[in-house]
Amino acid sequence: MPGIDETRDFISLNIAVLTVSDTRTPEDDKSGDTLADRITKAGHRVTARRIVLDDEPLIRAALKSWIADETIDVVISTGGTGLTGRDVTPEAFKSVYDKEIDGFSALFHRISYDKIGTSTIQSRATAGVAGGTFLFALPGSPGACKDGWDEILVHQLDFRFRPCNFVEIMPRLEEHKQRK
């Protein structure tokens, strides 16, 4: 049965939060606040936070700077995953992935369907790995951020979660660079 293995120690991660929006400011970034609060309450550290416009090069630049920062383990974004012309977060994320985590989107949609029905089809939530950093792109609503964190990420970013989790494979994410 999945759950927390109390024989393992919790490992606190450094997580960056990226809000993608043409309208949000630090004062009214409810989705970014939702993620930051949950990350901190889970025992992790929000080590960077930024708001960028719905612009693929700007999103990509933020991602690349955090991927290059060896102190950042995970990036979680909110916003820009819809279908309108300005929604380009998935394109920016996919352009930097070494590997895509297909199951994240599938599981996010399954969870979201139970809450908002077929409207979940309008989201393009995505996840992947780049340069040893986990990247997760969630929709821009506080509800979607709660669902993504509470139902998926809080477990997968906890070393104690069994039968497996993302934290335990972190040391092996870039083992291909060690091959001869």
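Student: How many bridges join β2 to β3, and what is the sense of the pairing?

Tutor: Seven bridges join β2 to β3, and the two strands run parallel. The model is a predicted one. One pair to look at is N14, which stands opposite R45 in β3.

Student: What makes β2 and β3 count as paired strands?

Tutor: Pairing needs at least two bridges between the strands. β2 and β3 have seven, so they count as paired.

Student: Where do β2 and β3 sit in the sheet?

Tutor: The sheet is open, has six strands and follows the order β3-β2-β4-β7-β6-β5, with mixed pairing. Its edge strands are β3 (45-52) and β5 (99-100).

Student: Why is β3 called an edge strand?

Tutor: Because β3 pairs on one side only, and β5 does likewise.

Student: Which strands pair with β4, and in what sense?

Tutor: Strand β2 (residues 14-20) pairs with β4 in the parallel sense over five bridges. Strand β7 (residues 133-138) also pairs with β4 in the parallel sense over five bridges. V75 shows both pairings: A16 stands opposite V75, and in β7 the bridge partner of V75 is L135.

Student: Why is β4 described as largely enclosed?

Tutor: Five of the five residues of strand β4 (residues 74-78) are buried, so the strand is largely enclosed by the rest of the structure. V74, I76 and T78 point one way, V75 and S77 point the other way, and all are buried. In a regular strand the side chains alternate between the two faces of the sheet.

Student: I15 is in strand β2. How do you know whether I15 is buried or exposed?

Tutor: The relative accessible area of I15 is 0%. Buried means under 20%, so I15 is buried. Setting aside residues up to four places away in sequence, I15 touches I39, H44, R45, V46, T47, A48, V74, I76, W149 and L157. For V46, the C-alpha to C-alpha distance to I15 is 4.9 Å, with their positions 31 residues apart in sequence.

Student: H109 has a relative accessible area of 18%. What class does that give?

Tutor: The cut-off for buried is under 20%. At 18%, H109 is therefore buried. H109 is found in helix α4. Beyond residues up to four places away in sequence, H109 touches T120 and S123.

Student: Which strands does helix α4 lie across?

Tutor: Helix α4 (residues 102-116) lies across β5, β6 (126-130) and β7, running at about 30° to β7. Helix α5 (residues 142-156) lies across β2, β4 and β7, and runs at about 140° to β7.

Student: Why are α4 and α5 called oblique to each other?

Tutor: Their axes come within 10 Å and cross at roughly 120°. Angles of 65 to 115 degrees count as roughly perpendicular and those over 145 as roughly antiparallel. An angle of roughly 120° is in neither range, and α4 and α5 are therefore oblique to each other. The crossing is right-handed.

Student: Which residues make the contact between α4 and α5?

Tutor: F104, L107, F108, I111 and K115 in α4 meet A144, D147, G148, E151, I152 and L153 in α5. By class, this contact has seven nonpolar, one polar and three charged residues.

Student: What makes α2 and α3 oblique?

Tutor: The axes of helix α2 (residues 56-68) and helix α3 (residues 89-96) cross at roughly 40° and come within 9 Å. Roughly parallel requires an angle under 35 degrees, and roughly perpendicular begins at 65. The two helices are therefore oblique to each other. Their crossing is right-handed.

Student: Which residues of α2 and α3 meet?

Tutor: E56, I59, R60, L63, K64 and I67 in α2 meet T89, E91, A92, F93, S95 and V96 in α3. This contact has six nonpolar, two polar and four charged residues.

Student: Is F93 buried or exposed, and how do you know?

Tutor: F93, in helix α3, has a relative accessible area of 0%. With buried set at under 20%, F93 is therefore buried. Apart from neighbours within four places in sequence, F93 is in contact with I59, L63, S77, T126, L135, F136 and A137.

How values were computed. Residues numbered from 1 in each chain as written. Predicted model: local features only at pLDDT ≥ 70, side-chain atom pairs only at ≥ 80, totals over all residues. Heavy atoms only, no water. Buried < 20%, exposed > 50% of the residue type's maximum accessible area, 1.4 Å probe, protein only. Helix = DSSP H or I, 4+ residues; strand = E, 2+ residues; numbered from the N terminus. Axes fitted to C-alpha atoms, helices over the stretch in contact; angles between N-to-C directions. Left-handed = near helix turned anticlockwise from the far one by under 90°. Contact = heavy atoms within 4.5 Å. Nonpolar A, V, L, I, M, F, W, Y, C, P; charged D, E, K, R; others polar.
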